[in-house]
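Open the model in your viewer and keep the sequence panel beside it. The stops below give a selection each time, followed by what is found there.

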Amino acid sequence: MLKAIHHVAIICSDYSRSKVFYSQLLQLEIVCETYRTERDSYKLDLKLPDNSQIELFSFNGAPQRPSYPEAQGLRHLAFAVDDIAVTVRYLESNGVEVEPIRIDELTNKAFTFFNDPDGLPLELYQI
């Protein structure tokens, strides 16, 4: 029935800042960028190497969503990486605060968290 996650949609507070964060810093490929005049809104389609996508939206006046303390709903978005230490060093060298690397007690895999420009929790998970 379900085959894979096709995309995750994110509404950002500052479209230009988030576009740079996801496309340049996280190096996601821009597939398509659309400005919708009737909504005064941008939609940016970004692709990961496995062809899954992130849709980045701008909506004027969108309310903030609480992340901490943990609220009900989507908890975080996790990205698979080959070498978590290398990825953490890259993010930190670009001014991104990253939590200490931990080991998942159930899988023995390394993981850590960082935030996007709006405070959305993002996870790195070493595969």
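Select K19 first: at 24% relative accessibility it counts as partly exposed, where buried means under 20% relative accessible area, exposed over 50%, and partly exposed in between (1.4 Å probe, protein chains only). Add E33, which is partly exposed at 36%. The side chains of K19 and E33 meet in a salt bridge, 3.0 Å from N to O; the term requires a side-chain nitrogen of Lys or Arg within 4 Å of a carboxyl oxygen of Asp or Glu. This pair links distant parts of the chain, with K19 in helix α1 and E33 in strand β2 (residues 29-36), 14 residues apart. Helices (H or I, at least four residues) and strands (E, at least two) are DSSP runs, numbered from the N terminus.

The model is predicted, so local features need pLDDT of at least 70 and side-chain atom pairs count only at pLDDT 80 or more, while totals for chains, interfaces and linings use all residues. Residues are numbered from 1 along each chain as its sequence is written, and side-chain values use heavy atoms, with hydrogens and water left out.

**Other salt bridges**

How many salt bridges does the structure hold? There are six salt bridges. Select D118 and R17 for another one: their side chains meet at 3.3 Å, N to O. D118 lies in the loop between β7 (110-115) and β8, and R17 in helix α1, so the pair ties together parts that are 101 residues apart in sequence. D118 is partly exposed at 33% relative accessibility, and R17 is partly exposed with a relative accessible area of 38%.

Next, select E99 and R102. They form a salt bridge whose closest N and O atoms are 3.2 Å apart. E99 is partly exposed at 35%, and R102 is partly exposed at 38%. Then select K43, D45 and E55, which salt bridges with shared partners join into one network.

**A buried aspartate**

Stay in the loop between β7 and β8 and select D116, which is found there. D116 is buried yet has no salt bridge. Which side chain of opposite charge is nearest to D116? It is R17, 7.0 Å away; for this purpose Lys and Arg count as positive and Asp and Glu as negative, and His and the chain ends are not counted.

Show the neighbours of D116. Its side chain makes a polar contact with the side chain of Y22 at 2.8 Å. A polar contact is a pair of N or O atoms within 3.5 Å; within protein, one must be able to donate a hydrogen and the other to accept it, and residues adjacent in sequence count only if both atoms are side-chain atoms. The side chain of D116 also reaches the backbone nitrogen of L120, at 2.9 Å.

**Aromatic rings**

Now display the rings of Phe, Tyr and Trp (its six-membered ring), which pair if their centres lie within 6.5 Å; planes under 30 degrees apart count as stacked, over 60 as edge-to-face and the rest as tilted. By this rule the count comes to six aromatic pairs. Select Y15 and Y42: this pair is stacked, 4.6 Å centre to centre with 10° between the planes. Y15 sits in helix α1 (residues 15-25) and Y42 in strand β3 (residues 41-47), 27 residues apart, and the pair links these distant parts of the chain. Y15 is buried at 10% relative accessibility, whereas Y42 is partly exposed at 32%.

Move to F21 and Y22. Their ring centres are 5.1 Å apart and their planes at 80°, so the pair is edge-to-face. Both F21 and Y22 are buried. Finally, add Y35 to the earlier selection: ring pairs link Y15, Y35 and Y42 into a cluster.

**The open sheet**

Switch to cartoon view and find the open sheet of four strands, ordered β5-β8-β7-β6 with mixed pairing. Two strands pair if DSSP finds at least two bridges between them. The edge strands are β5 (77-81) and β6 (102-103), each pairing on one side only. β5 and β8 (residues 121-126) pair in the parallel sense over five bridges. Select A78 to see one position: its bridge partner in β8 is E123.

**Cysteines**

Last, select C12 and C32. The count of disulfides is zero, a disulfide being a pair of cysteine sulfur atoms within 2.5 Å. Why is C12 not bonded? The closest cysteine sulfur to that of C12 is in C32, 16 Å away, too far for a bond. C12 is buried at 5% relative accessibility, and C32 is partly exposed at 32%.
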